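Colleague: Could we go through this complex together? I would like to ask about it piece by piece.

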Amino acid sequence: MAQEASADRLEKLAALAQHRLGFLETIQLDRALGPACAESPQGFSSVRLAILASTTVDHLVPAIRVSGLRRRLLIDVHIGPYGQYRQQLLDAESPLHRLRPQIVLLSLTAREAIAAVPLTATAAEADAAIGRSIDELRMLWRKARETFHATVIQQTFLNIAEPLFGSYDRLVAGAPVQLIARLNERLLQAAAEDDVLLLDIARASERDGLDAWFDVTRWLQGKLEIAPQAAPVYGDLLARVIAAQRGLSKKCLVLDLDNTLWGGVIGDDGPDGIILGEGTGTGEAHLALQRYAKQLRERGVILAICSKNDLAVAEAVFRDHPEMLLRLTDIAAFVANWEDKAANLRRIAEQLNIGIESLVFVDDNPAERARIRESLPMVAVPELPADAAQYVRCLADAGYFESVAFTADDSRRGEQYAANASREGFLESSQSMDDFLRGLEMSVAFGPFHTVDLARVAQLIGKTNQFNPTTRRHSLEDVARFVATDGCLTLQFRLVDRFGDNGLVSVMILRPDPQAPDLIEIDTWVMSCRVFGRQLEREAMNIAVEAARRTGVRAFRADYIPTSKNGVVSELYSALGFTPAQEAPPHDGTTRWYLELSDYVPCSTHIARRPQ
Amino acid sequence: MTDQDILNRLTRILRELLSDDSIVLTMETKRDQVANWDSFAYISFIVAVEIEFGMKFGVAEVESFQNVGAIVRRISAISPTR
């Protein structure tokens, strides 16, 4: 009862967090939220974050927690004693070690790194000094990963140095402005090499202006390097990265047409009357939105259209209008009709087989926006400004599609969804499901995780919510550790069919039970929603059983931990021939399953095996 | 805006900041007479006051305020009239 009341209260606080909050309101909401509990209520997940800082950061905590709440993350923030971040990390007795953070954020000032470099330093001397600071950072990153298996986020350095020479500063290796710029360059390089995530406040301060981020009065008063008025932005930027790492970023951009992708109304103005393309500022503004959408598609965001129009008229623009940048092949789901847009958004999510909460809906019409916010509060709806020139900035600033990796599969996703449309057409023309699956001519390539796969593996584990019986999130570091662990079995699956390569679409991690050496547990099994209903789960299980038998394993154990999103796999293990456990499940609601490998009858599928 | 108006607004800010509705500020109140009004909360208070009154105190001013009355008088002197 008390729990229900607290879940209810949390929902109300999460709704409050959606509003633009002032300085005091943020502090009050954070206090109302209270300390994070170990067990998070349904629909929320908890995160343990440690901030290792060399300046005061306590004032950022309310905004971080409120920004997390906005994304249904309950962030437990630990801040070490001021300036003692090294000791905190290295001393096994420190409070930090008791927290066991899942995420370690290094929030450092550039002041220490550049303090000892003389103005007269040569480029080589300046670089050597900066190199030493970067080496120390890398040591701290390594330590955080080894000790906690935590994801490391490194904050870029605010360039708070005042000009000494003016524009000439950037040509003097030892000038403070140039030293910090160089420090950031080297930091980016090291972070890319070490797979460390960034919190890029240096870039944010370039965009907003340094004065929005740094207030010298606060620095002097309390060693606050990040100004209190920047706290809401800071909290939001950080929560975006954490949410992205946990698969909570948006996946699909749904665009309106009239007065959004072009100026004017196609039904009234006709193809010659709409405003699009070079020549007018308005036409270029709409084109800029198309260009941005196309770039998002290139990095793996799915594009969809939702418009009140006749389908034939709307599609003709994409096919025939010479100024159109977006083409029909860029669009994974095209819905143009006269029905309610909320119903249409549901249809789009269903058609793409993604959660409705992964949609972003862009529409110039305030009434349509209000309608969606009202009936589908989980859909992100940017408050588009009246001026089309600001559309791209409005969409970009919201950070809906924050990402923590960019893989080859991302860049191919657009094609893969387009190929899925061809598959749908093929399905409709097939006599039966069996005919359809046979006709797809599917084959699977599989094997243990290779080093080159790790980023995609971690990404798929991070963002898959539906086909994910345990919803355990593993960072890149965790995944690498599984590969190196004795007795651990890792499998990745790539599915190809006559319409194209679906890429790496399923991942399995089986880990041995130290108490029962002939038992192996399915710690993680995820599959991309793009290949649901294609029998891949059956072939994957066939492959897993074969692989496990070769290592002398007797049985599989598997848990199904229900969430609001993984109902699709509630019957997975019973369908694959597992039997329910006799013992009580480890948690309420969880179901536990066993499979004796000697009893396993391979499932028949239409999927051939293919060498890697 | 009278001194009492300003005092009322400062009281509201501090109550919200510290989640303590029992706080009553007078012109003579000093920081150490209010529970939990530590140096960190003092900076937060100053930030909230600056936002509330649309103004900014100098670093020396903030350090020179001996009691709440000094803050009230300073706001009264530099705040745009409303």
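Colleague: Which elements of chain B have the lowest and the highest mean pLDDT?
Modeller: Helix α3 (residues 59–64) of chain B has the lowest mean pLDDT, 92, and helix α1 (residues 3–18) of chain B the highest, 96. Here pLDDT is the predictor's confidence in each residue, from 0 to 100, and helices (H or I, at least four residues) and strands (E, at least two) are DSSP runs numbered from the N terminus.

Colleague: And what does chain B average?
Modeller: The mean pLDDT of chain B is 92, and 96% of the residues score at least 70. For the complex, the predictor gives an ipTM of 0.93 and a pTM of 0.84. This is a predicted model, in which local features need pLDDT of at least 70 and side-chain atom pairs count only at pLDDT 80 or more, whereas totals for chains, interfaces and linings use all residues. Residues are numbered from 1 along each chain as its sequence is written, while chains are lettered from A and ligands numbered from 1 in the order in which they are written.

Colleague: Staying in chain B, where is B:F45 found, and why does it count as buried?
Modeller: B:F45 is found in helix α2 (residues 39–53) of chain B. B:F45 counts as buried because it has 20 C-beta neighbours inside 10 Å. The rule is that a residue is buried if 20 or more other C-beta atoms lie within 10 Å of its own, exposed if 12 or fewer, and partly exposed in between, with C-beta atoms placed from the backbone.

Colleague: Which residues does B:F45 touch?
Modeller: Leaving aside residues up to four places away in sequence, B:F45 touches B:I13, B:L14 and B:L17. Contact requires the C-beta atoms of two residues, placed from the backbone, to lie within 7 Å. B:F45 and B:L10 are 35 residues apart in sequence, and their C-alpha atoms are 8.8 Å apart in space.

Colleague: Now the interface. How many residues does each chain give to the contact?
Modeller: Chain A gives 13 residues and chain B gives twelve residues. On the side of chain A that touches chain B, α2 (23–33) and α11 (216–222) of chain A are the elements that give two or more residues. That side divides into five nonpolar, five polar and three charged residues. In this count Ala, Val, Leu, Ile, Met, Phe, Trp, Tyr, Cys and Pro are nonpolar, Asp, Glu, Lys and Arg are charged, and the others, Gly among them, are polar.

Colleague: Which residues of α2(A) are buried?
Modeller: They are A:F23, A:L24, A:T26, A:I27, A:D30 and A:L33. Just after α2(A), A:G34 takes a positive phi of about 70°.

Colleague: What of chain A overall: how is it divided into domains?
Modeller: There is domain 1 (2–245), domain 2 (252–397) and domain 3 (432–610), with bounds that come from an automatic or database domain assignment. The centres of domain 1 and domain 2 of chain A, taken over C-alpha atoms, are separated by 35 Å. Chain A contains 24 helices and 17 strands, and buried residues make up 44% of its 612 residues.

Colleague: What is its radius of gyration?
Modeller: Chain A has 26 Å, which agrees with the value near 25 Å for a compact globule of 612 residues. The radius is taken over C-alpha atoms, and the globule rule is 2.2 Å times the number of residues to the power 0.38.

Colleague: Next, the open sheet of eight strands in chain A. What is its order?
Modeller: The order is β15-β16-β14-β13-β12-β11-β10-β17, with mixed pairing. β15 (579–580) and β17 (607–610) of chain A stand at the edges, each with a single partner strand, so one side of each lacks a neighbour in the sheet. Strands pair if DSSP finds at least two bridges between them.

Colleague: How many bridges join β11(A) and β12(A)?
Modeller: Strand β11 (residues 489–497) and strand β12 (residues 500–513) of chain A pair in the antiparallel sense over eight bridges, forming a hairpin with two residues between them. A:F493 stands opposite A:S506 in β12(A). The bridge partner of A:S506 in β13(A) is A:M527.
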